[in-house]
Amino acid sequence: MHRVVGARAERLTQRITTRLARRVRELRDARGLSLDALAARSGVSRSNISLIERGESSPTATVLDKLASGLGVALASLFDAPQAGGEARAAPSPVARVAEQPVWTDPASGYLRRNVSPTAPSPLQLVDVVFPPGQRVAYGRADHGSEIHQQIWMIDGRMDITVDGTTWQLEAGDCLAHRLEGPIEYHNPTRRPTRYLVALATLPNASSPPHRSQP
């Protein structure tokens, strides 16, 4: 039984690693960026980006955030299905079955995120997060090329979330709304896992060229 569960988990991990690899390469190509150019924009080394695009590296949440910033998109969009080949050959579905929702675990902190939203195009994205006790993940300031609004609704447990230097202590039932533009830090100060739902709404930035907005 344990072998079956372990094998399934390994397949799911490889699937999301492959999706991330294709998505990063797709976004980089769409923007006409070389590996060196993306490395300069993101602060992630050329060799590391190459390994990620070949599916030979499991990037941390911090590395993915830097890549998203360099590509001008929200981190959540890196988990979208590639638009060309592979998973994207079928027409986007308005239904996301739980067994098919991409699940990814940050190799550094162990926080688990599930992309709940269907593949059908929408300005709204839902992400289900389970955050381990005592862990902390920080993201830097970034220009996503779009106006992104985020709401965090606590389902169970407690989180300390710092947005632009202000820390909010959230407990079950609380909801925090903010724009996703400045630095943000997530911290679970308790001894038990925390679960929360993240809703992101992306609005085109009128000051940015169309091709720079989040796909």
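Of the 215 residues of the protein chain, 40% count as buried. The model is a predicted one. Work through the exercises with the structure open.

**Exercise 1. The overall layout**

Find how many helices and strands the protein chain has, and the pattern they follow along the sequence.

*Solution.*
- Step 1. Count the elements: there are four helices and 10 strands.
- Step 2. Read along the sequence. The pattern is α-α-α-α-β-β-β-β-β-β-β-β-β-β.
- Step 3. Turn to the contacts with a separation of 6 or more. Residues 24 or more positions apart account for 68% of them.

**Exercise 2. Two packed helices**

Describe how helix 2 and helix 3 pack, and state which residues meet.

*Solution.*
- Step 1. Recall what is needed. Two packed helices are described by the angle between their axes and the distance between the axes.
- Step 2. Locate the pair: helix 2 spans residues 35-42 and helix 3 spans residues 46-53. Their angle is about 115°, and their axes are 9 Å apart.
- Step 3. Classify the angle. Values of 65 to 115 degrees count as roughly perpendicular, so helix 2 is roughly perpendicular to helix 3.
- Step 4. Give the hand: the crossing of helix 2 and helix 3 is right-handed.
- Step 5. List the residues that meet. Helix 2 brings Leu35, Asp36, Leu38, Ala39 and Ser42. Helix 3 brings Arg46, Ile49, Ser50 and Glu53.
- Step 6. Sort this contact by class: four residues are nonpolar, two are polar and three are charged.

**Exercise 3. The buried face of helix 3**

Which residues of helix 3 are buried? Show how they are arranged around the axis of helix 3.

*Solution.*
- Step 1. Pick out the buried residues of helix 3: Ile49, Ser50, Ile52 and Glu53.
- Step 2. Look down the axis of helix 3. The buried residues fall within an arc of 160°, so they line one face of the helix.
- Step 3. Check Glu53. Buried means under 20% relative accessible area. Glu53 has 14% relative accessibility, so Glu53 counts as buried.
- Step 4. Find what Glu53 touches, not counting residues up to four places away in sequence. The partners are Ala21, Val24, Arg25, Arg28 and Leu35.
- Step 5. Move just past helix 3. There Gly55 takes a positive phi of about 70°.

**Exercise 4. A proline in a loop**

Is Pro102 buried or exposed? Name its contacts too.

*Solution.*
- Step 1. Place Pro102: it is in the loop between helix 4 (61-71) and strand 1 (103-105).
- Step 2. Apply the cut-off. The relative accessible area of Pro102 is 16%, so Pro102 is buried.
- Step 3. Leave aside neighbours within four places in sequence. Pro102 is then in contact with Ile16, Arg19, Arg113, Arg114 and Asn115.
- Step 4. Take one partner. Pro102 and Asn115 are 13 residues apart in sequence, and 5.5 Å apart in space, C-alpha to C-alpha.

Terms used: Residues numbered from 1 in each chain as written. Predicted model: local features only at pLDDT ≥ 70, side-chain atom pairs only at ≥ 80, totals over all residues. Heavy atoms only, no water. Axes fitted to C-alpha atoms, helices over the stretch in contact; angles between N-to-C directions. Parallel < 35°, antiparallel > 145°, perpendicular 65-115°, else oblique. Left-handed = near helix turned anticlockwise from the far one by under 90°. Contact = heavy atoms within 4.5 Å. Nonpolar A, V, L, I, M, F, W, Y, C, P; charged D, E, K, R; others polar. Buried < 20%, exposed > 50% of the residue type's maximum accessible area, 1.4 Å probe, protein only. Arc of directions from axis to C-beta.
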